[in-house]
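Q: I'm new to reading protein structures and would love a close look at one part of this one. Could you walk me through it step by step?

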Amino acid sequence: DELLLAHSIMTRDLAEESGMFRIGSGWACPTFGARPQYASDLVVELLDWTKHSNLHIPIRGCVFHHELNQFIPFQTVTGVLDVSGTLSYTHLRAHE
């Protein structure tokens, strides 16, 4: 919920589907990213891993950022908006 709220705030005037997980491919090529029906579960699993990992916070942040970009959970223009990097850092700092 916090991640979706942060996404909503950051993309409010930039994306129609602000603050929600994507329901379509979100790409010109639908073979990239997780299928939409799995995106939210993958993000929950990733957040749980991030919270309980013993790795140093900068490493967790890098893994979180990389995996979030692999899932492509949001219906935003990836490459134009680097929302996931900011969300990664914000989430990790809030849960130290």
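Q: How are α2 and α3 oriented to each other, and why?

A: Happy to take you through it. Keep in mind that this is a predicted model. To get your bearings, the chain has 4 helices and 0 strands, so you can trace the pattern α-α-α-α as you read along the sequence.

Now find α2, which covers 36-52, and α3, which covers 57-71. Their axes come within 10 Å and cross at roughly 175°. Angles over 145 degrees count as roughly antiparallel, and α2 and α3 are therefore roughly antiparallel to each other.

What touches what? On the α2 side, the contact is made by Leu42, Val43, Leu46, Leu47, Trp49, Thr50 and Lys51. Facing them from α3 are Arg60, Val63, Phe64, Glu67, Leu68 and Phe71. Sorted by character, the residues of this contact divide into 9 nonpolar, 1 polar and 3 charged.

Several of these names come back in the largest nonpolar core, which has 9 residues in all. From α2 and α3, its members include Val43, Leu46, Leu47, Phe64, Leu68 and Phe71. Leu3, Leu4 and Phe74 also belong to this core. The elements that each give two or more residues to the core are α1 (2-11), α2 and α3. In soluble globular proteins, nonpolar side chains tend to be buried together.

Finally, step back to the whole chain: buried residues make up 33% of its 96 residues. The chain exposes about 6300 Å², and carbon and sulfur atoms supply 57% of that area.

Technical notes
Residues are numbered from 1 along each chain as its sequence is written. This is a predicted model: local features need pLDDT of at least 70, side-chain atom pairs count only at pLDDT 80 or more; totals for chains, interfaces and linings use all residues. Side-chain values use heavy atoms; hydrogens and water are left out. Buried means under 20% relative accessible area, exposed over 50%, partly exposed in between (1.4 Å probe, protein chains only). Accessible areas come from the Shrake-Rupley method with a 1.4 Å probe; for residues, only the protein chains shown count as cover. A nonpolar core is a set of buried Ala, Val, Leu, Ile, Met, Phe, Trp, Tyr and Cys residues joined through side-chain atoms within 4.5 Å. Axes are lines fitted to C-alpha atoms, for helices over the stretch in contact, and angles run from 0 to 180 degrees between N-to-C directions. Angles under 35 degrees count as roughly parallel, over 145 as roughly antiparallel, 65 to 115 as roughly perpendicular and the rest as oblique. Contact means heavy atoms within 4.5 Å. Ala, Val, Leu, Ile, Met, Phe, Trp, Tyr, Cys and Pro count as nonpolar, Asp, Glu, Lys and Arg as charged, and the others, Gly among them, as polar.
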